[in-house]
Amino acid sequence: MKALFYALGQAVFNSYDVLMLVIFVESVLFSIFYWLHSRVLISFYGGVAEESTEKLQRRRHSAMLMAFFLLLVGLSEIVFLLTYNIFLSDWVRNTVGAWFFVAITLIFFLPGAMLFRYVSTLLDRNAAQNRFFLTPLVVFVTSILVAYSGLWEMILQPVFWEPYIFVASVAFALNTVFALLTLRFLHRYQQQVQDYFGNIDAVDVRWLTVVTSGFCVIWGMALIPPFMSEEKLPILRELIIHLPSVLQIVLLTAAVLFGLSQGVRIIQVLPEKLFAQHADAVAESSQEPQVSEALLIQLRTLMEGDYWYRRPDITLDQFANAAGQSPKLVSHAINRHFEKNFYEFVNAYRIEEIKQRLKEEDPNQVSIQSIYESAGFRSKSSFNTLFRKWVGMTPSQYRKKFGRATNPLIPLAK
């Protein structure tokens, strides 16, 4: 123990070591907060909102997974510190043994799997739970067997120097794969919600995509240093080693803040049958339902005559019920005959109304906010992003270019 405290007091214990300790402390604190959130705050919220036991358990389970993920990220930094700091690594090697470095790399194998599990549990209530950690454990054991096989001296040692570096590299590769699978899952989810919701603000998963992409970059960068020469590119190599730790501070904070707000909303709003509906649609894709011209006219009438698109929380189920048809048939009609998903179908009408009103209405009397809110948009950022994407300019630029201030001959809207 005296040797340990001696190591901690050396000048070699530099700013990067301090940064790793900061990330560890931050991760532990966030993990404890999420654990308390899962045990206390969620139960309190569920009691106030009178939620079902199933939804309450689902909230608690997802919060616990995030707590474990944050803790694993922090523990990974401690493992890095024990191997990176020369005094600490020498102390571990002399006190415990070199085998300990290989054993603790098990920590590296778990964050990617935990992140994937958190996202899948948050978005899909039917996500499989059995044998969750079997893959990381199997890969961990296999990598150890390879590291101590005949391949080590022949192929691996010149690149990875030590067995634990090879095992850790395998862990980072596995985490990268899990991150890519998570991004694929998020992409599929985003497509599915756009087939169901007319407004996706309440089920937006861009924050999860950003956080997952960030950790994917971090784990991918961790694979690079063993293949880089210390003599040829020393500065770049050090940058690749140290930069991920700075990025992790930002990602951990984002994961916690957005997880507490957006994650709760996703669990609240996501329909139980959403994934099941799309699974059935894929299974029965060969049996396309027949869409009549009368149905297409009816859908147009609901939008153009009854202004269903002005309802901020419109969903496919509600719209199909108004049409007196099944959601599957209405979704198929929109996809095949209007060549849009439900989200695009609804918001195309919203954007067209907004464009017309921006042209006709007096900017001194009617604000842009009142126009987009009455058309069905709730979020200013979502409206601006979609308008700019589809029209090619901001609403203000569009009004300035085509509105009455520029074209006084345009009749004033009544």
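In which helix does threonine 176 lie? Threonine 176 lies in helix 9, and that helix is a convenient thread to follow through this structure, which is a predicted model.

The protein chain as a whole is described by 19 helices and zero strands. Of its 414 residues, 47% are buried, and the chain exposes about 21,300 Å², with carbon and sulfur atoms supplying 62% of that area. When contacts between residues at least 6 apart in sequence are considered, 74% of them join residues at least 24 apart.

Returning to threonine 176, the residue counts as buried because its relative accessibility, 14%, falls under the 20% limit. Setting aside residues up to four places away in sequence, threonine 176 touches Cys216, Trp219, Gly220 and Leu223.

The interior can be approached through the largest nonpolar core, which has 103 residues, and in which Phe69, Phe215, Leu299, Met303, Phe319 and Ile354 have the most contacts inside the core. Helix 9 provides the largest share of this core, with 14 residues. In soluble globular proteins, nonpolar side chains tend to be buried together. For phenylalanine 215, the contacts beyond four places in sequence are with Phe69, Val73, Gln248, Leu251 and Leu252, and Phe69 is itself among the core residues with the most contacts.

Empty space is the next topic. Rolling a probe the size of a water molecule over the atoms shows where empty space is left. The largest pocket holds about 820 Å³ of space and is lined by 35 residues, with Phe80, Thr83, Tyr84, Phe172 and Ile241 lying nearest its centre. By class, the lining divides into 21 nonpolar, eight polar and six charged residues. At least two lining residues each are supplied by helix 3 (53-84), helix 4 (86-95), helix 9 (163-194), helix 10 (206-221) and helix 11 (234-269), so that helix 9, which gives the core its largest share, also takes part in the wall of the largest pocket.

A last stop is a loop. Glycine 376 lies between helix 17 (368-374) and helix 18 (380-391), and is it buried or exposed? Glycine 376 counts as buried because its relative accessibility is 0%. Apart from neighbours within four places in sequence, glycine 376 is in contact with Asn199, Tyr309, Arg310, Pro312 and Arg350. The C-alpha atom of glycine 376 is separated by 9.0 Å from that of tryptophan 308, although the two residues are 68 residues apart along the chain.

Terms used: Residues numbered from 1 in each chain as written. Predicted model: local features only at pLDDT ≥ 70, side-chain atom pairs only at ≥ 80, totals over all residues. Heavy atoms only, no water. 1 Å grid on protein atoms, 1.4 Å probe; cavity = no way out; pocket = protein on both sides within 12 Å on 5 of 7 lines; lining within 4 Å. Points joined across faces, edges and corners; volume = space filled by probe spheres on them. Helix = DSSP H or I, 4+ residues; strand = E, 2+ residues; numbered from the N terminus. Nonpolar A, V, L, I, M, F, W, Y, C, P; charged D, E, K, R; others polar. Buried < 20%, exposed > 50% of the residue type's maximum accessible area, 1.4 Å probe, protein only. Contact = heavy atoms within 4.5 Å. Areas by Shrake-Rupley, 256 points an atom, 1.4 Å probe, with all protein chains shown as cover. Core = buried A, V, L, I, M, F, W, Y, C linked by side-chain atoms within 4.5 Å.
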